[in-house]
Amino acid sequence: MGLFGSKEVIGLDIGSSSVKMAHIRAAGAENRLRKFGVFPLPTDSIVDGAIMDHASVVDGIKAAMRELKVHEKDVAVSLSGHSVIIKKVQLATTTAEELEESIQWEVEQYIPFDIKDVKIDFQVIGPLKDDPSKMDVLLVAAKTDLINDYISVVKDAGLVPRVVDIDSLAAGNAFELTNPVSDEQVPMVVNVGASFMNINILHAGVPLFTRDVPMGGGMYTSEIQKQLAVSYETAEEYKTGRKDPGERGTKLTEIMKVVSNLLATEAQRSYNFFSATYPDRLVTKVYLTGGAAKSSFLKEILAEKIGVGVEIFDPFQGLTVDEKTVDPAVVSQFNTSATVSIGLALRNLEARG
Ligand SMILES: Nc1ncnc2c1ncn2[C@@H]1O[C@H](COP(=O)(O)OP(=O)(O)OP(=O)(O)O)[C@@H](O)[C@H]1O
Ligand SMILES: [Mg+2]
């Protein structure tokens, strides 16, 4: 899949609500954001992480390139959902080259799909401290069909897919590269999109735990639509505070609390599972990001449930925004939505060291 390492790439996050495109270039010590934009997709273009409407997604990508005047062709895209597996496994110590040959046989037992239907990538983390004959390896597997669907929309939009990444890893990457933390810290990055909540608990550059929960900001919208009998557009406007709900305000507040509680409960479940698996590694802080990170009450309820500080993560804060080519209004409206696309766009800088 070519997940780890590539040459310069455009970050292309194909989310279920919109396509996000980002281009970052290293300029001396700073990372300069040269291009960024968000381009909505029709409802149900992407369902459960799978592309349902090929033509609409191709159009969305083309619109992004046209409007942002992006001429570069090489892109990094990412996948999420049930067809993706990320696991840290322990294998007998060997070289990466040797492992390349044997990975299929070594990891078959860890993958809940037929090994013939998946593509596998891995990263050697290093030998175990107490038993150097074994090493930790980060294993990433995704269904070949899903990968091919994403590759095909990218190609049909006239671009070249150089990297196929995973949403939760890209979000973790954006966090680490724009907001460096010490090795004592164990950040939990929670990226809440429209359909998925991608969780990534990291330590010293290595994802210790990742999970995609099939819940997101779309849940607020559909509850508002149902309970207040309004259109999708009106529900989105109420939810994001762009329209005054008037006498429906009390009901709206109640819905926002109920759904925030559901999302926070799922995040807490992941946190509890992680804490039980790694009793010596406590999460030090939760970094909430993704478009739906701004949902009313979510941050507060999450902090209450998990019992550690929750901060909103804005990936633009670690970048220099080129105001000649990037619209500041787009940056402030879509700062948290940008996280995955920024993580993808930063894959190139990493590879160049
Ligand atoms: N200010 C806001 N307050 C609350 N929700 C918001 C706000 N701005 C955007 N959202 C919601 O964020 C979601 C979109 O976020 P994002 O762009 O991260 O998702 P996506 O990448 O398209 O979806 P996914 O990755 O889940 O398929 C939508 O549900 C949108 O309504
Ligand atoms: Mg997303």
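Student: Which residues are linked with Arg25 in a network of salt bridges?

Tutor: This is a predicted model. A salt bridge joins a side-chain nitrogen of Lys or Arg to a carboxyl oxygen of Asp or Glu within 4 Å. Arg25 belongs to a network of such bridges, and its partners there are Glu8 and Glu72.

Student: How many salt bridges are there by this rule?

Tutor: Side chains of opposite charge can pair when their charged atoms come close. With the 4 Å limit between nitrogen and oxygen, the count is 16 salt bridges.

Student: What is the N to O distance between Glu30 and Arg32, and are these residues buried or partly exposed?

Tutor: The side chains of Glu30 and Arg32 form a salt bridge at 3.1 Å, N to O. Partly exposed covers the range between 20% and 50% relative accessible area. Glu30 has 31% and Arg32 has 27%. The distance is therefore within the 4 Å limit, and Glu30 and Arg32 are each partly exposed.

Student: Which residue does Lys243 meet in a salt bridge?

Tutor: Lys243 is partly exposed, at 37% relative accessible area. Its partner is also partly exposed, at 26%. The N to O distance is 3.8 Å, and the partner is Glu237.

Student: Where do Arg269 and Glu266 lie?

Tutor: Their side chains meet in a salt bridge with an N to O distance of 3.3 Å. Three residues separate them along the chain, about one turn of the helix, and that helix is H7, residues 249–277.

Student: Is Glu266 buried or exposed?

Tutor: Its partner Arg269 has 51% relative accessibility, which is over the 50% cut-off, so Arg269 counts as exposed. Glu266 has a relative accessible area of 12%. Because the limit for burial is under 20%, Glu266 is buried.

Student: Which element gives the largest share of the largest nonpolar core?

Tutor: The largest nonpolar core has 38 residues, and those with the most contacts inside it include Met188, Ile199 and Val286. Elements giving two or more residues to this core include strand S11 (187–192), helix H5 (218–228) and helix H8 (298–306). The largest share is nine residues, and it comes from H7.

Student: Which residues form a negative surface patch?

Tutor: Patch residues need over 30% relative accessible area and no salt bridge. One member lies in helix H2, residues 96–107, and counts as exposed at 59% relative accessibility. That member is Glu97, and the patch is formed by Glu97, Glu98, Glu100 and Glu101.

How values were computed:
Residues numbered from 1 in each chain as written. Chains lettered and ligands numbered in written order. Predicted model: local features only at pLDDT ≥ 70, side-chain atom pairs only at ≥ 80, totals over all residues. Heavy atoms only, no water. Patch = residues over 30% accessible without salt bridge, like charges linked within 9 Å, V, L, I, M, F, W, Y side chains within 5 Å. Areas by Shrake-Rupley, 256 points an atom, 1.4 Å probe, with all protein chains shown as cover. Lys, Arg positive; Asp, Glu negative; His and termini not counted. Charge placed at Lys NZ, Arg CZ, Asp CG, Glu CD. Helix = DSSP H or I, 4+ residues; strand = E, 2+ residues; numbered from the N terminus. Buried < 20%, exposed > 50% of the residue type's maximum accessible area, 1.4 Å probe, protein only. Core = buried A, V, L, I, M, F, W, Y, C linked by side-chain atoms within 4.5 Å.
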